[in-house]
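User: Hi! Could you walk me through this structure? I'm new to this, so plain words please.
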Amino acid sequence: LSVCNQNLFKSEKLFGSFFIAKLDIISLFFGLPKSVLHSLIGWIDGSCEINSTHYLVCNFTKNCDSVSLPTLQFQLTQFGEPIFISISNLIILKEQHSKICKISFWIAALESDYIVLGSKLIINFYTILDYKNLKVGMINKQPFPEENILLNEIMNSCAQIKQCKNEEVYLNASNTCYNSNCMYMFSSYDQITGQCKINTLGKLFCAFILTT
């Protein structure tokens with residue numbers, strides 16, 4: 001599963017390059033593992049968060065019906081033909097003139113690693129179910145975009161690449177910066193400087209050592 005020319009499975013929290021997927025025509029949603037969905041958010045040019053019901057809600061600078069969103073690309077098998085879908089086709093709630101959109105992504109499972117292909121996704125493909133051999137085939141209803149169109153989309157539809165500061169390390173899969181040195185008990189990350197600083201607990205601890 002890739003977006004903006006980046007493999008979402010190449011997250012520091014993931015160890016494989018594929019997941020088990022199941023079709024669920026009753027559900028509207030495209031269910032993804034939590035870590036994959038968090039990586040996807042980093043490439044959407046808007047303010048997105050996973051709400052209390054584990055659905056993805058985004059706030060854009062444009063109305064939902066005119067916002068330009070990236071295209072997802074994935075394969076059903078390791079050597080299968082790539083299929084694609086624009087995230088714009090997955091918007092399920094867009095009130096007139098509203099900039100807040102509910103997109104049909106949700107966390108498939110908090111712990112288990114599997115993907116759910118819901119009806120809002122499936123409707124964009126010709127789908128064949130081979131019950132006898134327990135296989136599924138999917139192909140796009142529209143021709144695959146040419147390479148120059150995809151490159152143009154990456155430039156215009158994807159969020160800008162994050163510029164990391166000082167000690168930060170860039171993660172391609174999620175388009176985020178992090179600082180591995182801020183994992184200690186008495187340190188915290190300063191978003192302004194991009195460095196680790198001693199937090200309040202650390203200062204109190206140092207003061208206690210000095211006074212004793």
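Analyst: Happy to! One term to start with: buried means under 20% relative accessible area, exposed means over 50%, and partly exposed is in between. Also keep in mind that this is a predicted model.

User: Thanks! So is V136 buried, exposed or partly exposed?
Analyst: V136 counts as partly exposed, because its relative accessibility is 38% and partly exposed lies between the 20% and 50% cut-offs. You'll find V136 in strand β13.

User: Which residues make a nonpolar surface patch with V136?
Analyst: L23, L76, L129 and Y131 make the patch together with V136. The patch covers about 460 Å².

User: Okay, zooming out. How many helices and strands does the protein chain have?
Analyst: There are 4 helices and 17 strands in the protein chain.

User: And what share of the residues is buried?
Analyst: Of the 212 residues in the protein chain, 37% are buried. As for the surface, the accessible area of the chain is about 13,700 Å², and carbon and sulfur atoms account for 56% of that.

User: Let's look at a helix. Why is α1 described as largely enclosed?
Analyst: Helix α1 spans residues 34-41, and 6 of its 8 residues are buried, so the rest of the structure largely encloses it.

User: Which ones are buried in α1?
Analyst: They are S35, V36, L37, S39, L40 and I41.

User: What covers them?
Analyst: Several strands do, including β1, β4 (30-32), β5 (47-50), β6 (55-59), β7 (71-74) and β10 (100-107).

User: What about contacts along the chain: how much comes from residues 24 or more positions apart?
Analyst: Among contacts with a separation of 6 or more, 57% are between residues 24 or more positions apart.

User: New topic: what is the phi of C4?
Analyst: It is near 55 degrees, which is a positive value in a residue other than glycine. C4 sits in the loop between β1 (2-3) and β2 (6-7).

User: And what about the phi of L134?
Analyst: L134 has a positive phi too, of about 55 degrees, and L134 is not a glycine. Its place is in the loop between β12 (125-130) and β13 (135-140).

User: Are those two loop residues buried or exposed?
Analyst: C4 is buried, since its relative accessible area is 5%. L134, on the other hand, is exposed, with a relative accessible area of 77%.

User: Great, that helps a lot!

Note on methods
Residues are numbered from 1 along each chain as its sequence is written. This is a predicted model: local features need pLDDT of at least 70, side-chain atom pairs count only at pLDDT 80 or more; totals for chains, interfaces and linings use all residues. Side-chain values use heavy atoms; hydrogens and water are left out. Helices (H or I, at least four residues) and strands (E, at least two) are DSSP runs, numbered from the N terminus. Buried means under 20% relative accessible area, exposed over 50%, partly exposed in between (1.4 Å probe, protein chains only). Patches are made of residues with over 30% relative accessible area and no salt bridge: like charges are joined within 9 Å, nonpolar side chains (Val, Leu, Ile, Met, Phe, Trp, Tyr) within 5 Å. Accessible areas come from the Shrake-Rupley method with a 1.4 Å probe; for residues, only the protein chains shown count as cover. A salt bridge is a side-chain nitrogen of Lys or Arg within 4 Å of a carboxyl oxygen of Asp or Glu. Contact means heavy atoms within 4.5 Å.
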